[in-house]
Structure formats: C-alpha cells, structure tokens
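Please open the structure in the viewer and keep the sequence panel visible. The tour below proceeds by successive selections.

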Amino acid sequence: MTESLGTSVLPASAAPAADWWREAVIYQVYPRSFADADGDGMGDLPGIRSRLPYLRDLGADAVWLSPFYASPQADAGYDVSDYRAVDPMFGTLDDAITLIEDAHRHGLRIIFDVVPNHCSDQHEWFQRALREGPGSRMRERFHFRDGKGTGGEEPPNDWESVFGGPAWTRTKNPDGTPGQWYLHLFAPEQPDFNWDHAAVRDEFASILRFWLDHGVDGFRIDVAHGLVKAAGLPDLGSLERTKLLGNNASPSFDQDGVHKIYRAWHELLKEYDGQRIGVAEAWAPTLARTANYVRADELHQAFNFHYLATDWQADALRRVIDDTLTAMRQVDAPATWVLSNHDVTRHATRFANPPGLGTQIRTPGDPALGLRRARAATLLMLALPGSAYIYQGEELGLPDVTDLPDEARQDPAYFRAAGQDGFRDGCRVPVPWTTGGPSYGFGPGGSWLPQPAAWGSLSVEAQSGQADSTLEMYRSALAVRRDHPGLGGADNLRWCDSPSDVLVFERSTDNGGPTFTCTVNVTGAPVSFAPPGRLLLASSPLQVTDGQAVLPSDTTAWWTTD
C-alpha cells in the first residue's frame, strides 16, 4: 500500500514484527462493558481509549474489539446495519480512527470484529429486498425461499436457530399477503447472507479494505464456519439441533466451500503492510476441521473452543493440548488458547461447578474453589506454545453474575425457547475499575447491567499493588511469558513423568538457554516433589523446604533453570 492510511504504525516496543500473531497475547474488549466516557451507562470508544495504558501495562500485545458498528442492537451489535459506520452509542468514526492511532502509539495492535454471516434486518439491502418482494434480485443476496405446504405455511426446511426456534421467518408481501421465508441461523433480526452471490463477496472485500486503510491490524471473523451452506439447504433430519459446537457434520456449518472465501481474504490481507491477520471464530466439530481454517493460504488463527470447553481434569486437559498441537502442526499454524469470552460463562464460575455442565452455567458453585482453579488454569494456558486470549475482567478473577434479575437481561437467546441457554449477560456485566462510585469506575453514571455489591473489592484499584491478587498474578505472568526464552510461540512442549492428575511439561530453546517447567496439580490434595528449578510464579502460595516443593491442590507453578 502506498497510501498513508493503509499503514500500521507501531513503535519498536510492540510485539515482534515477524509472525507476531504466533505468540501474541490478545485482550478482548467488549465495548459495552469496558469503560464509559460519557456517563450514559454504556461503554464507548473514548472510554476504551482512556484505558489503553492499562492494557499496555498489563502486558497485552493486541486488543480485539467486539462490534461497535451501526446496529439496532438486537444482538448486542452482532446485527450490523452499516459496516462502515460507528453506532452513536459507542462514538463516531473519528473516535474509531483515533483509537487505532492511540493503540499503535502504546505499542498495541488492534483487531476489529467483522460479522459476515449475517447482518441486521435493518440493513439497506435487506430492507430493499422486503420492499421489492418475490423476484427481487436483492433477495438473491440472502436466503429467501418459498415455504412448504399448500399455502407455503411451513418453513422451507427443518433447520433451527442457534438461539432457539425455527431458523426461518416468514415475510409479508408488499400487498400484505403472506410471503416467502428468509433464513437466520441466529435471531430473526439477523438474516443470513448468501455468499454464493458475487455482490456479497465484493461488498465484504470493500468493508475489509475500508478498515485496513484506516490502519486496523486484523479481523476476528464472527461465525467464520457459517458463511457457506450445503447446496439445496437440505433438512437436518435426524441430526442434532443446530449448535455452535456440535459433534456431527451440519449442512448449515463448516462447509468446505467456506475456505475459498478465506483464501481470497488471505490475498487481500497480504496487500497491506504490517502483517495484518484474520482470526476465525470457527466452531468446527474436530480440531482437524478447525485446522483447515488456518492453512498457509487461509487465515492466521482460529479460536480453540475445544480447549475452552474442557473441564478441569488432567487427562482431558492433556488430551486436548496434545490434539491441538498435533492439528496445528499439520498446517504449520499457531495454537490458540482461550478460557473465556463474551459468549460463555466465565471460567472462574465454570470451574466452581462440577464438571460436565458445559460452557453455559447458571449456578455460582463454590466461588473460592472456582477462583483457585481459574488462577491455575490461567498459568497453564499462558505456559502453552502459541497465542493466548484474555477476556476483559478475567485478570481480576471476575465470576459470572448468575443472579441477574430477569428484567435486566438483554441476551436475545434468553427470550427464545431451546436456545443456547440465553445467560450470556452474566459474563458481560461492566468491569469494575475503582472501589466505589456509581459504577465502580466504569463511568461517571450507572451501568447498563447491574453490578454486584462485591465488584468494588475485585476492582483494578483494589487489586493493584497487592502481591497476591489475581491482577498482579496476570501482570507477572505476562511479563515472564514475554521475557523467558523458552516461552512464546515455539512448538517446544515436552511432557515429563508425573503423578496421577498432575501435569508437568518442559519448554526449552535449541541454543542451550534456560529450561522452563510448568507443574499443574489438578487433584484435591497437595503433591510433594523435587523442584525442577527456581520458582518463577505460582497461582497459590507454595512452599519449598529441604529440597522438596509442596504444590497445593488446584495450583500451577512455573520454574526455570538458570
């Protein structure tokens, strides 16, 4: 690119330029809930800008922002009406551009969400398709179909929405008579695009270029596995209900044709300097299928939802780690590791409950146990080869808010039967920054979701400078991860002999540098062993006396040889 707008300008202190995504720590910001600058109770882009120094000092390499585009907010911004405009609730286009520039000055890369599977029902294209009625060429850009039955009163197929209920909604013709049906794998306000249509492909190439020209460093691709549907939209039949992460092949998800799209996006990204990247939110049935999205000529990363969904059990953790590294090794792609995001119960609450309950949990469980395991799980995740994702507030040890009143909930799945539980609001409660104030420093006013009374004690202010706090553990861990030569992106993990339900692995360099060792006690009792080196960091207090280390239950420790 020769235009200055297309340049990603980062200071020398930023993450390594060469294949930076292979070991980057990427911090997810959910704009509604991170920081509110104007006091309306809703987070915004100026609020995020004001907290960039915090993210820099935490040790993040890049920041991923969930959608802030113009939207009716039927699904918290994942229903986009204009992909080149900022919703006024979050700020202006100038705010977005300034945010990119400020992030770069702080040595942070910026990744924006892009939502290509569907748009808002208020999108100009869809509104025109409704106005023009059957036969409109604009309807070819979506999935409009005649219904089954003598009067077309039945949906075109048996697909169900991820949010519950049919994946089809019937329209009215311009004359008011019942009309065709349109496909929406999520809410009725989110009609799916038809990616077989050239105009859809061209429009999204233009959208990507618009933001790349403003300096964005990459895109997280929402529902990356959903863009292409099976030819003819066949019935599910006996297959399981539509899920984001299912065990079976589905005609609505993970179709092979989607990879042609990402090969074209790969070439587009290569036109820009600064190593711009694409990250797939691909809920594929196996890790081998996930790896297809990060082949050398496609995207750069894919979220590891199989790891996120793994219970706190030693055998299961080792198996998913091995399977991940094996799958990514086949395509020479970096592994990614993630414990929480805006769509699942925070891991401090998941690990507070018995295993086997999935990623949407409605009970608080044992909060002390959950935090203890969450801290241990964090040090395990950050010790693994590849790139790691941190969801806002997890560095504070925030639990899910499981007791939100019904009238406060805004998750559209909550209001539809048999959806993906509809309890995502609990992980989206605004972040506490200070010990007091109307919203614990989130902003000068209230917050769009009610915050628990305990939020102040978990705030950034309360934890900063407290050596045993979760925040200081994250800061220390990210500093060690960046500085220790055995850590980062290198595929150098070697398992060591260990007692049952204890994980031990080493990571070292080829040049004879210090060896890093990670020990993880997943049992409910302390374990004694000879320390493998000097203690760097532990998720719980650890004793080393008379040549023996005592690793408490649900604890991870990092060691190094000097």
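The tour of this predicted model visits a sheet, the helices packed on it, and then a tyrosine.

**The sheet.** Begin by selecting strands 14, 15, 16, 21 and 18, which form an open sheet of five strands in the order 14-15-16-21-18, with antiparallel pairing. Next, highlight residues 493-495 (strand 14) and 534-538 (strand 18): these are the edge strands, and each has a single partner strand, so one side of each lacks a neighbour in the sheet. Viewed across the sheet, neighbouring strands are turned by 25° against each other on average, direction ignored.

**Strands 18 and 21.** Select strand 21, residues 555-560, together with strand 18; the two run antiparallel and are joined by four bridges. Within this pair, leucine 537 lies opposite tryptophan 558 of strand 21.

**The packed helices.** Add helix 11, residues 367-382, which packs on the sheet and touches strand 15 (502-507), strand 16 (516-521), strand 18 and strand 21. The direction of helix 11 makes about 35° with that of strand 21. Then add helix 13, residues 470-483, which also packs on the sheet, touching strand 18 and strand 21; its direction makes about 135° with that of strand 18.

**Tyrosine 30.** Now move to the loop between strand 1 (25-29) and helix 1 (45-50), where tyrosine 30 is found. Is tyrosine 30 buried or exposed? Its relative accessibility is 2%, so tyrosine 30 counts as buried. Beyond its neighbours within four places in sequence, tyrosine 30 contacts Ser66, Ala76, His342, Tyr391, Gln392, Arg428 and Trp448. Finally, display the side chains of tyrosine 30 and arginine 428, which are joined by a polar contact of 3.2 Å.

Conventions:
Residues numbered from 1 in each chain as written. Predicted model: local features only at pLDDT ≥ 70, side-chain atom pairs only at ≥ 80, totals over all residues. Heavy atoms only, no water. Pairing = 2+ DSSP bridges. Axes fitted to C-alpha atoms, helices over the stretch in contact; angles between N-to-C directions. Contact = heavy atoms within 4.5 Å. Buried < 20%, exposed > 50% of the residue type's maximum accessible area, 1.4 Å probe, protein only. Polar contact = N/O pair within 3.5 Å; in protein donor to acceptor, adjacent residues only side chain to side chain.
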